[in-house]
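Q: Please take a close look at one buried polar residue in this protein and describe its surroundings. After that, place it against the rest of the fold, including the core, any enclosed space and a contrasting site.

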Amino acid sequence: MLEKSRIGAAPSALMDANVDQIASELAALTQRFVDLSAKLGEAARDLDATGAPPTNGLVEALAGARGQFVQLRTQALSAADAAGVPPAPEPQSLHEIEPLLAAIGEALHSRARREALARAQQGAVTTIDRVLEIIHQDDPAFSTLVTCHARAREARAAILALTELEVDDARQVMDGVRAFADLLTMVENREGLDDDRYAELEESVSRGFGRALAVAVARGKIGFEGEFVEPPPAPEPAPEPAVEPSEALPIEAPPIETEPLTEAVAEAVMASASEETAGEAPPLASEEGALPEEPEPGSETIAVEEPAPGAEAATDPSAPDETAQWWLAAWARWSGWKSSHDFAAAVREELGKYPYLLSVPIQKSPEYEDGLLAYGYSILMDHVERQNAGCVGNALNSLKPGQTRPVGEQLYDYLITEGRLRETYADFVKNTLAAAVPEPGVWFQFRILESKEDTRILQRPSARIGDTELSGQRLASDGQRYNEHKFKMTLGPLTTRFVLVSAEVKEARGAGFKLVADGAPSDSGWVVSVLAGKGAGGKNEARRISEDGLHIPGLGKDHSALWVAVFNPDTAADRRYELSVFLRKDTKSPFRTKG
């Protein structure tokens, strides 16, 4: 394609050079005419005064100048014809050649613009036509690829409809081809890209067409007709000859040699974990009946308890090990942004996509959003890497050959031990919440909304994590409003639930928080305050809920919102929590000692 562009551009370049030469000769001939004009004037005066005719030299010079003019006019007319300038009467003077050259220059510039547009259209359409040949190995109706193809056809039509390249609309259309080109590069050169380039392309494709398509490319599910080769069926073993019992000899099996874990083993782990898991992703808000619904709340102010996600059914031990998908997704995403984002920026980006991320156990994250939720746990990878530099990169080398435990469980134990998650999960929750509020925010299970007229207690009507609906009740009397409000919840290992307490009043209210875990006082909670008034936009302050409780005065006046994080630091077991929120009309502490 590059050679065609060069060949197509050659005539235009030669024509430009020819016009420049004609213009140069015109300037020189114009100066010669000026000189001859002076000599003719002098000869005219001599002829008038003395009757002396012009000299032979002057006559020959005039004849030569006319010959040059005729030759220059012929060249200009030929160039005009080649450039497609509409025919006009032959120029009879140098002054009439000048506008002809200007018309030729404009025609050549117009042709150059048309040729540039044609080359750009040809290159873009070639790319898009190649993208339209991409298929999914298993699913011809793969939704994100179908959408990509629809957009490709729209882009193709828009490109072919362009009439000018150097305008804003055309630039926008041509810029849109970049995402298609990046997708094509990922599919065609998957094995030849370094990590940084691949991460850059993956981000571009995810941004342009959705992360599901980028994931499918990474898993080798996207390609071209004829690229997907099914492995031949294994030959059936030949029947063994029968051996008489008296002739049977004991056969000793040769010792099994175990190889140290290498990159090849790591690739095998990744391959086994990247097989399709169709039908496992639980639907979100669009499908109401996917998970068991929670009973409707009654008239009491105590919120209904939400059960933790149930245990997984036992899997067939002979099936491929897909338990490491959460690790591979989170690791791949973290590898892509670790050099360009800090922790806070990554938190805002990931929770902006999936606000309920921290409410899902990390090992179950591939079951949500078609496996895309697991990418969000890249922020946890960053946290553990900060606790123990190099531990993320060494994770696959920690796997023990010959283990019967699933790979995902081994990696989870490694993350807990080497990443010190038992000791530091609380800090991870604090730093994540502080970075995420007020924007983009996090998914909350319960909310208290305080206004001048009433207090509203809101909660999610179903047990489904990520539910976007809210239901609740309105409290009008002070006795109901300024009292203890209890919220019960059951948390899976290393998960967090959030409660939002906000106020739309200018007067200062008081808020107290106390937490009980499995019937005993607990400090597994944080409160992050969002400043109000002149302090809005300032740094968020995080305070730990102590076992004696935490009191924060100034809700409404000083703090527009208080975000409560209740977390389960246990790495293996569910825990039942009860959060008490003491709302007060004044700023006095509800506890004997201030929290």
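**A serine in a strand, and the fold around it**

A: Serine 580 sits in strand β15, which covers residues 575–584. The model is a predicted one. Serine 580 is classed as buried because its relative accessibility is 6%, and the cut-off for buried is under 20%. Its side chain makes a polar contact of 2.7 Å with the side chain of glutamate 484. With neighbours up to four places away in sequence set aside, serine 580 touches Glu484, His485, Lys486, Gly512, Phe513 and Lys514. Glu484 is thus both the partner in the polar contact and a member of that contact list.

For the wider setting, the protein has 595 residues, of which 42% count as buried. Its secondary structure consists of 16 helices and 15 strands. Among contacts with a separation of 6 or more, 74% are between residues 24 or more positions apart.

A contrasting site is glutamine 387, found in helix α13 (residues 378–387). Glutamine 387 counts as partly exposed because its relative accessibility is 29%. Its side chain comes to 3.2 Å from the backbone oxygen of histidine 383. Outside its neighbours within four places in sequence, glutamine 387 contacts Gly419, Arg420 and Thr424. For Gly419, the C-alpha atom is 6.0 Å from that of glutamine 387, although the two residues are 32 apart along the chain.

Next, the nonpolar interior. In soluble globular proteins, nonpolar side chains tend to be buried together. Here the largest nonpolar core holds 64 residues, and those with the most contacts inside it are Trp327, Ile379, Leu411, Leu415 and Trp563. Helix α15 (residues 421–436) contributes the most to this core, with eight residues. Leucine 411 shows what such a position looks like: beyond four places in sequence, it touches Ala324, Trp326, Trp327, Ala395, Leu396 and Leu399. A second core is separate and has 33 residues, including Val131, Ala155, Met186 and Ala216.

Ala216 also belongs to helix α8, where it is one of the buried residues. Helix α8 spans residues 211–218 and is mostly covered, with seven of its eight residues buried. Besides Ala216, the buried residues of α8 include Arg211, Ala212, Leu213, Ala214, Val215 and Val217. After α8 comes glycine 220, which has a positive phi, near 75 degrees.

Arg211 leads on to the enclosed space. The count gives one cavity of 30 Å³ or more, and the largest cavity contains about 40 Å³ of space. Its lining is made of Arg211, Arg333, Glu350, Lys353, Tyr354, Leu372, Tyr375 and Gly376. Helices α11 (343–353) and α12 (373–376) are the elements that supply two or more residues to this lining. By type, the lining residues divide into three nonpolar, one polar and four charged.

To return to the starting point, serine 580 is a buried residue in strand β15, with its side chain joined to that of glutamate 484 by a polar contact. Glutamine 387, by contrast, is partly exposed, and its side chain reaches a backbone oxygen, that of histidine 383.

Notes. Residues are numbered from 1 along each chain as its sequence is written. This is a predicted model: local features need pLDDT of at least 70, side-chain atom pairs count only at pLDDT 80 or more; totals for chains, interfaces and linings use all residues. Side-chain values use heavy atoms; hydrogens and water are left out. A nonpolar core is a set of buried Ala, Val, Leu, Ile, Met, Phe, Trp, Tyr and Cys residues joined through side-chain atoms within 4.5 Å. Buried means under 20% relative accessible area, exposed over 50%, partly exposed in between (1.4 Å probe, protein chains only). Helices (H or I, at least four residues) and strands (E, at least two) are DSSP runs, numbered from the N terminus. Contact means heavy atoms within 4.5 Å. On a 1 Å grid over the protein atoms alone, a cavity is a set of points where a 1.4 Å probe fits but cannot get out, and a pocket is an open set with protein on both sides within 12 Å along at least five of seven lines; lining residues have an atom within 4 Å of a point. Grid points are joined across faces, edges and corners, and a volume is the space filled by probe spheres set on the points. Ala, Val, Leu, Ile, Met, Phe, Trp, Tyr, Cys and Pro count as nonpolar, Asp, Glu, Lys and Arg as charged, and the others, Gly among them, as polar. A polar contact is a pair of N or O atoms within 3.5 Å; within protein, one must be able to donate a hydrogen and the other to accept it, and residues adjacent in sequence count only if both atoms are side-chain atoms.
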